[in-house]
Amino acid sequence: MNKAELIEKVAGLTETNKKDVEAVVDCTFEVITKTVLSGEAVKISGFGIFEKKSRAARKGTNPSNQEVIQIPASNTIGFKVSKTLKGKLN
C-alpha cells in the first residue's frame, strides 16, 4: 500500500474527503519525523515505537576489489513493533 492508497482507504472508512485526509496524513508524518529527529521516541500504543538509532563507525569491504574501507558513523530511524500488533501477525 502506498500513500495514495492509504489516503483513499482512510477517506472511505471515515467518510471524509481525500483532501482533508491527505492533510492529516501529511501532518502526522511530519510530526513523527520532527519528533524522531529531535531524539525523542514516538510511541503509538498497539502499533509500535519509532526512534532514532545511531550506527557506530566500522570497517567494510568493497565487493568489487576487496579493498577495506572505513564506513562513517550515521543515524537512522528504527521501528519496534508492539506486542499487540506482533501477536496479530502470528
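**View 1. The largest pocket of the predicted model, with about 210 Å³ of space in it**. In this predicted model, the residues that line the largest pocket are Leu6, Val24, Val25, Thr28, Phe29, Ile32, Ile44, Phe47 and Phe50. Helix 2, which covers residues 18-37, gives the most to this lining, with five residues. Sorted by class, the lining holds eight nonpolar residues and one polar residue, while no charged residue takes part in the lining. As general background to such a view, rolling a probe the size of a water molecule over the atoms shows where empty space is left.

**View 2. Ile32, a residue of helix 2**. Ile32, which is also among the residues lining the largest pocket, has a relative accessible area of 17% and therefore counts as buried, since buried means under 20%. Leaving aside residues up to four places away in sequence, Ile32 touches Val42, Ile44 and Phe50. A second residue, Asn62, may be used to give a sense of distance, for Ile32 and Asn62 are 30 residues apart in sequence and 35 Å apart in space, taken from C-alpha to C-alpha.

**View 3. The hairpin of strand 1 and strand 2**. Strand 1 (residues 42-44) and strand 2 (residues 48-55) pair in the antiparallel sense, and three bridges are found between them. One of the residues to look for is Val42, whose bridge partner in strand 2 is Phe50; both Val42 and Phe50 are also touched by Ile32 of the previous view. Three residues lie between the strands of this hairpin, in which Gly46 takes a positive phi near 80°.

**View 4. The pairing of strand 2 with strand 5**. Strand 2, already seen in its pairing with strand 1, also pairs with strand 5 (residues 74-81), again in the antiparallel sense, and here the pairing runs over eight bridges. A residue by which the reader may find this pairing is Lys53, whose bridge partner in strand 5 is Thr76.

**View 5. The hairpin of strand 3 and strand 4, with Gln66 in the loop between them**. Strand 3 (residues 58-61) and strand 4 (residues 68-71) pair in the antiparallel sense over four bridges, and the bridge partner of Arg58 in strand 4 is Ile71. This hairpin has six residues between its strands, and Gln66, although it is not a glycine, has a positive phi of about 60°. Gln66 counts as exposed because its relative accessibility is 55%, and exposed means over 50%.

**View 6. Glu15, in the loop between helix 1 and helix 2**. Helix 1 covers residues 3-14, and Glu15 is found in the loop between this helix and helix 2. The phi of Glu15 is near 55°, which is a positive value in a residue other than glycine. By way of background, most residues other than glycine have a negative phi. With a relative accessibility of 75%, Glu15 counts as exposed.

**View 7. The whole chain, with three helices and five strands, as a setting for the close-ups**. Read along the sequence, the helices and strands follow the pattern α-α-β-β-β-β-β-α. The C-alpha trace spans about 55 × 30 × 30 Å along its principal axes, and the radius of gyration is 19 Å, whereas a compact globule of 90 residues would have a value near 12 Å. Of the 90 residues of the protein, 13% count as buried, and Ile32 of the second view is one of these buried residues. Among the contacts between residues at least 6 apart in sequence, 26% join residues at least 24 apart.

Terms used. Residues numbered from 1 in each chain as written. Predicted model: local features only at pLDDT ≥ 70, side-chain atom pairs only at ≥ 80, totals over all residues. Heavy atoms only, no water. 1 Å grid on protein atoms, 1.4 Å probe; cavity = no way out; pocket = protein on both sides within 12 Å on 5 of 7 lines; lining within 4 Å. Points joined across faces, edges and corners; volume = space filled by probe spheres on them. Helix = DSSP H or I, 4+ residues; strand = E, 2+ residues; numbered from the N terminus. Nonpolar A, V, L, I, M, F, W, Y, C, P; charged D, E, K, R; others polar. Pairing = 2+ DSSP bridges. Rg over C-alpha atoms; globule rule 2.2 N^0.38 Å. Buried < 20%, exposed > 50% of the residue type's maximum accessible area, 1.4 Å probe, protein only. Contact = heavy atoms within 4.5 Å.
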